[in-house]
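Have the model open in a viewer, with the selection panel to hand. The stops below go from a metal site to the packing and then to the charged pairs.

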Amino acid sequence: MKLQISFLILFSVTFSGRAQQQIRSSPAFGYERRIENYIDSLRIVDTHEHLFDPDQLIKTNILDFMLLIHQQSYEDLISSGMPDSLFNSLFNEPLTPTNKWKIIEPYWRNSFNTSFNRVVLLAIENLYKITDLNESTVGPLSEKIKMAYSTDWFNRILRDSCRIDYLIQEDDYLTGKDDFFRYTKKFSPWLSVRSKYRIDSLAVMQIDPIYTLEDFVKSMRVVLEDAVKNGIVAIKINIAYKRPLSFDKVETETARKVFRSLVNGNEDHVISYRDAKPLQDYMFYQLLDLAGKYKLPVAIHTGLQAGGGNIIGNSNPALLANVFTEYPDINFTLYHGSYPFGGELSTLAKNFKNVFIDMNWAFAISPTYSERYLNEWLETVPASKIMAFGGDYRCVENIYGELIIAKQIISNVLISKVRDGYLSESEAKTVAKMILHDNAVKFYNLH
Ligand SMILES: [Zn+2]
C-alpha cells in the first residue's frame, strides 16, 4: 500500500508540470513574442456593436467622461448600490463633469474592480493619456473627448487603432459610414407580442391593417424583406431578455386562437407570457423559415443579459437544441460566449454543425472566463466555428479597451497551447487569424 502511494506521488510530481498531452515538438525560442506580434498585426472583424452615430453624439450632453461610463460601467455602478433615480440627473440635466463625478464617485469606489470598469481605465490611459478616473481627471478627460470628436476620431480608432476590416452593427444605421459597416436586424415586436397595442402600432407604422394571423406574419416579412434589400448580414434575436429560449412547434390554428384573443380585446388588452407563448413561438418559427428562405444566418443573444434584474435561466443556450435540429440548413451563432454557460456552449457547438460560438462582449464581462473557455473550446470545437471579437459597445473607446484585453487573452491561450505542445507555433497563428477575422468573413459572407 505504502509503495503504491509513493508511486502515485512520484507519478503526479513527474507529470504535474504539463497540462496536456504533448503532440507537437517544443517551440523555437521567442515564440511567445512572435505570437503576440502576429496577433497585433491581424486585421479584425468586429462581430457586434451598438455604436452611436458620432455626428449625432456631438449634439448631445453625453459627450464627456460619461460617454465611456454610461453603458456597461453604469450597470456595475447600479449593481454596487447606485439608486436608479440618479439616471435623470446624470443624463438629462446639464451638469458639469465634476458634478456628475460627485454623483457616481461612491459607486465607482465600490465597483472600480470590475472588468467593465477596467476596460474604461485601459481606454482612457491609452487613448487620452489619463491614468485614473477621479475628481481632478474627469474635467480634462471630458475636454479631450470633446476635442477628439471634432476630428476624424471615430474612424481613426476603428480603422487604424483597432485595425477593423468589417464591423457588424445592430439595427441603428450610421449615415455616411457604410463602407465597412454591416448590419443585423432584430424582430422583437413580433417575437415578444403580448398586447393588442403592439399589433396596432405595427399596423400604424406600416400603414397596413393587421386583422388576421396571416397579416401579422406578412407585416414581419415585409420588414425583413426590406432589410434583406438593404443588405443585412444576419437576423438578431435577443428574446432572452424577455422570456426563455425554449420554443415549441405550434400548429397554425393554436397560434391563431391566441392572435384572435388579442386583436378582439380592448385597446389595452395584454396577456401573460404563458398565454402568449404559442403565438410567440409560432412567430419565431415563421422568422426562421424566412431566414432559411433568404439564406441569412441567425445570431442569438445567450447568457448574461445587460442591465439589472434579468433572469439568467432564460438565456441558457441548451434550451435551443430542438431548434438547431429543426433547421439544419440555418447557421446559428450564439453571442457572448453564453456567459456563464460555457460548458453548454461547448457541447452545442461540437454536436451541431450549424452552431457557432461568438465571444463578443465576453472579454469585457470576464477575461478569466474568456481565457478558460477559449482554452477548452480549442480542444472541443473546430476552430472554424469560433468568432472571437465584438465589443457590444456604443463608443469606440471601449471597443478599443476591450480589444486590447481580448488580444492579450487570445495570446495567453495560444502561447500556453504552444508551450504545452498542443499546437505548433504556426497552427496557433492560423487559429488566431481564423477566430479574429476569417471565420466571421465566411459566416456572415462579408464582402
Ligand atoms: Zn449587443
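A residue is called buried here when its relative accessible area is under 20%, and a salt bridge is a side-chain nitrogen of Lys or Arg within 4 Å of a carboxyl oxygen of Asp or Glu. The model is predicted.

**Stop 1: the zinc ion**

Select the zinc ion together with H48, H50 and D392. These residues coordinate the ion through NE2 of H48, NE2 of H50 and OD of D392, at 2.0 to 2.2 Å. Along the chain the donors have the spacing H-x1-H-x341-D. H48 belongs to strand β1 (residues 44–49) and D392 to the loop between β8 (386–387) and α20 (396–419), so this pair ties together parts 344 residues apart in sequence. H48 counts as buried because its relative accessibility is 1%; for D392 the value is 7%, so D392 is buried too.

**Stop 2: around D392**

Keep D392 selected. Which side chain of opposite charge is nearest to D392, and how far away is it? It is K236, at 6.4 Å, and D392 has no salt bridge although it is buried. Now show the contacts of D392, leaving out neighbours within four places in sequence: H48, E49, H50, Q71, Q72, H336, N360 and W361.

**Stop 3: helix α5**

Q72 leads on to helix α5 (residues 72–79), where the buried residues are Q72, S73, Y74, D76 and L77. Colour α4 (66–69), α6 (87–92), α7 (97–111), α8 (115–128) and α18 (362–365): the buried residues of α5 pack against these helices. After α5 comes G81, with a positive phi near 120°.

**Stop 4: the nonpolar cores**

In soluble globular proteins, nonpolar side chains tend to be buried together. The largest nonpolar core in this model has 140 residues, and the members that touch the most others are I104, L133, Y149, L158 and L414. Helix α20 gives the most to this core, 12 residues. At least three residues come from each of domain 1 (59–148) and domain 2 (154–443).

Centre the view on I104. With residues up to four places away in sequence not counted, I104 touches F65, M66, I69, L77, M82 and L90. Apart from the largest core lies another core of 13 residues, including F356, M387, A440 and Y444.

**Stop 5: salt bridges**

The count of salt bridges is 23. Three pairs and one network are worth selecting in turn.

- R43 and D165 meet at 2.9 Å, N to O. R43 is in the loop between α2 (31–41) and β1, D165 is in strand β2 (residues 164–170), and the two are 122 residues apart. R43 is partly exposed at 30% relative accessibility, as is D165 at 26%.
- D248 and K277 have their closest N and O atoms 3.0 Å apart. D248 lies in the loop between β4 (234–237) and α14 (252–263), and K277, 29 residues away in sequence, lies in helix α15 (residues 273–293). D248 is partly exposed at 44%, whereas K277 is buried at 15%.
- K249 and E326 meet at 3.3 Å, N to O. K249 is in the loop between β4 and α14, and E326 is in helix α16 (residues 321–326), 77 residues apart. K249 is exposed at 54%, while E326 is partly exposed at 37%.

Finish with E170, D171, K186 and K236, which are linked in a network of salt bridges.

Notes. Residues numbered from 1 in each chain as written. Predicted model: local features only at pLDDT ≥ 70, side-chain atom pairs only at ≥ 80, totals over all residues. Heavy atoms only, no water. Donors = N, O, S within 2.8 Å, 3.2 Å for Na, K, Ca; no water. Helix = DSSP H or I, 4+ residues; strand = E, 2+ residues; numbered from the N terminus. Buried < 20%, exposed > 50% of the residue type's maximum accessible area, 1.4 Å probe, protein only. Contact = heavy atoms within 4.5 Å. Core = buried A, V, L, I, M, F, W, Y, C linked by side-chain atoms within 4.5 Å. Domains from an automatic or database assignment. Lys, Arg positive; Asp, Glu negative; His and termini not counted.
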